[in-house]
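Colleague: I'm new to reading protein models. Could you walk me through one, feature by feature?

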Amino acid sequence: MNLTRDEQRILEGKQGEGRRVAMELVVKFGRLYQAQRLVEVKNAHIDAGAYSTIWDSGLDFVESLVQKGARVAVPTTINPCSHDQDNWQRLGQPEEFVRRSHRLKQAYLRLGVSPTWTCAPYECTSAPSFGEVVSWSESNAVNYLNSVLGARSNRLPDLVDVCCAVAGRVPEYGLLLPQQRAGQLLFELREFPDPYFRDASDYAVLGYLVGEIAGSRVPVVLGLPQRTTKADLKAFSAASASSGAVALFHAVGHTPESPSLEAAFQGRRDYESYVVTPRQFQEVKERLTVSRGQSRPGLGIILGCPHLSFSEIAEIHALFRGQRTAPGVEFWIQTSRTVCHLLEEAGLRSQLEEAGALLIKDTCVLELSPLTAWPFGTIVTNSGKIAQYGPGVCGVGLVLASTAQCVQAAISGRVEG
Ligand code: F3S
């Protein structure tokens with residue numbers, strides 16, 4: 001790998017031991033991918049925010065970087081942690097677990113990370129611009145970054161992401177190279193009448209279907225309606241990055257670098273092709289409904305995977321129309337502390353809480369532990385990512401529904417259909 005004089009100096013420890021350790025790991029990681037050089041970045045997002053994903057070995061590593069004097073080299077946001085300071089007792093989390101989660105948060109703050117604790121940093125900080133190379137991890141965020149914003153990042157592993165933020169550099173490989181961004185297989189939507197694709201959950205189902213087939217390849221989707229919003233593509237990003245390992249998709253007419261099919265494939269014609277019809281769509285949707293755990297009482301409606309924006313929560317608020325959740329139903333809205341603050345300013349937080357909602361900030365249901373403490377046997381959600389992981393990890397039943405159906409289930413205490 002060709003390193004600049006500055007990078008050599010960092011490796012020699014001229015900018016401190018913490019930065020040297022981080023740079024050494026970044027270089028080793030880059031060599032694994034046969035990167036020819038490192039690229040300087042202006043922005044980073046760390047996935048490894050949750051104690052429940054990196055546990056004690058990860059905590060030790062981050063604390064050791066702090067002890068060695070490391071600091072992030074660029075503005076750096078971070079994913080959800082493993083607890084919500086205001087709600088961990090209500091959610092039945094053990095004190096020792098929360099104590100360690102808190103220690104991890106403190107270590108990141110000492111590294112200079114911004115306390116965003118969200119998997120949708122693009123909703124609460126200025127988003128990277130078209131073509132910009134950044135150091136991001138978190139599967140939904142990287143997929144959204146590449147496919148909706150048109151910026152560039154690979155899906156970096158946990159803790160490598162921390163080192164890249166400290167080094168201020170990423171190895172140049174994969175999706176940072178223009179030719180690696182070409183579409184590899186086509187999904188053409190056919191015969192979908194108008195009621196389809198009017199809710200984020202439809203985009204989650206489609207994303208799930210595409211991710212299952214595409215794996216880690218770059219899919220191209222043709223036929224999404226013009227009215228498709230960024231929130232819809234966020235749902236698609238999370239689902240396709242969960243059922244598969246999609247880190248870039250081209251939604252023709254929506255992805256900035258894909259105004260046409262030809263542009264999405266960079267002029268290539270040797271690609272696989274799939275036709276997606278309403279029948280296949282419904283099959284996937286039915287498969288995502290899981291009955292396991294439904295013998296346990298309790299209904300939990302969970303929205304906000306990925307974390308919701310202010311306007312998405314305002315829409316949920318409007319759907320309540322002054323009604324409130326049925327007795328015994330848990331209604332969780334997951335978002336960032338930044339959005340929570342905006343909701344408070346707008347007076348929406350208290351109204352949602354009066355309607356029976358619990359606003360969970362800084363964390364999410366899949367980062368909480370222990371999962372057995374969940375007070376319900378069935379989840380209703382509009383999230384393809386929760387549909388992918390929730391039943392297996394937590395032994396609960398699951399119903400994938402539109403946002404309006406989720407709110408209706410909360411009010412009636414019943415799941416329709
Ligand atoms: Fe975000 Fe947690 Fe879902 S990190 S994407 S809300 S699993």
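**Reading the model**

Modeller: Let's start at one residue: Arg321 counts as exposed, because its relative accessibility is 66%. The cut-offs are simple: buried is under 20% relative accessible area, exposed is over 50%, and partly exposed is in between, with a 1.4 Å probe and protein chains only.

Colleague: Should I keep anything in mind about the numbers?

Modeller: Yes, this is a predicted model, where local features need pLDDT of at least 70 and side-chain atom pairs count only at pLDDT 80 or more, while totals for chains, interfaces and linings use all residues. Residues are numbered from 1 along each chain as its sequence is written, and side-chain values use heavy atoms, with hydrogens and water left out.

Colleague: Where is Arg321 found, and what is the sign of its phi?

Modeller: Arg321 sits in the loop between helix H11 (310-320) and strand S11 (330-335). Its phi is positive, about 45 degrees, although Arg321 is not a glycine. Leu159 is another non-glycine with a positive phi, about 75 degrees, and it belongs to the loop between helix H5 (139-149) and helix H6 (160-167).

Colleague: How many helices and strands does the protein have?

Modeller: There are 15 helices and 14 strands. Those are DSSP runs, numbered from the N terminus: helices are H or I with at least four residues, strands are E with at least two. Take strand S10 (residues 299-308), which includes Pro306. The peptide bond leading from Cys305 into Pro306 is cis, with omega near 5 degrees.

Colleague: How do I read the overall shape?

Modeller: Try the radius of gyration, taken over C-alpha atoms; the globule rule is 2.2 Å times the number of residues to the power 0.38. For 417 residues a compact globule would come out near 22 Å, and the protein has 21 Å, so the two agree. Along the principal axes, the C-alpha atoms fill a box of roughly 65 × 55 × 40 Å. Of the 417 residues, 59% count as buried.

Colleague: And contacts?

Modeller: A contact means heavy atoms within 4.5 Å. Of the contacts in the protein with a separation of 6 or more, 78% are between residues 24 or more positions apart.

Colleague: How many salt bridges does the structure hold?

Modeller: It holds 28. A salt bridge is a side-chain nitrogen of Lys or Arg within 4 Å of a carboxyl oxygen of Asp or Glu. Lys28 and Glu24 make one at 3.8 Å, N to O. Both are in helix H2 (residues 17-32), four residues apart, about one turn of the helix. Lys28 is exposed because its relative accessibility is 52%, while Glu24, at 32%, is partly exposed. These two also belong to a salt-bridge network with Glu17 and Arg20.

Colleague: Which salt bridge links distant parts of the chain?

Modeller: Glu123 and Lys234 form such a bridge, at 2.7 Å, N to O. Glu123 is in the loop between helix H4 (95-111) and strand S4 (135-136), whereas Lys234 is in helix H8 (residues 230-243), 111 residues apart. Lys234 has a relative accessible area of 2%, so it is buried; Glu123, at 31%, is partly exposed.

Colleague: One more pair, please!

Modeller: Sure: Arg349 and Glu353 form a salt bridge at 2.9 Å, N to O. They share helix H13 (residues 348-354), four residues apart. Arg349 is buried at 14%, and Glu353 is partly exposed at 37%.
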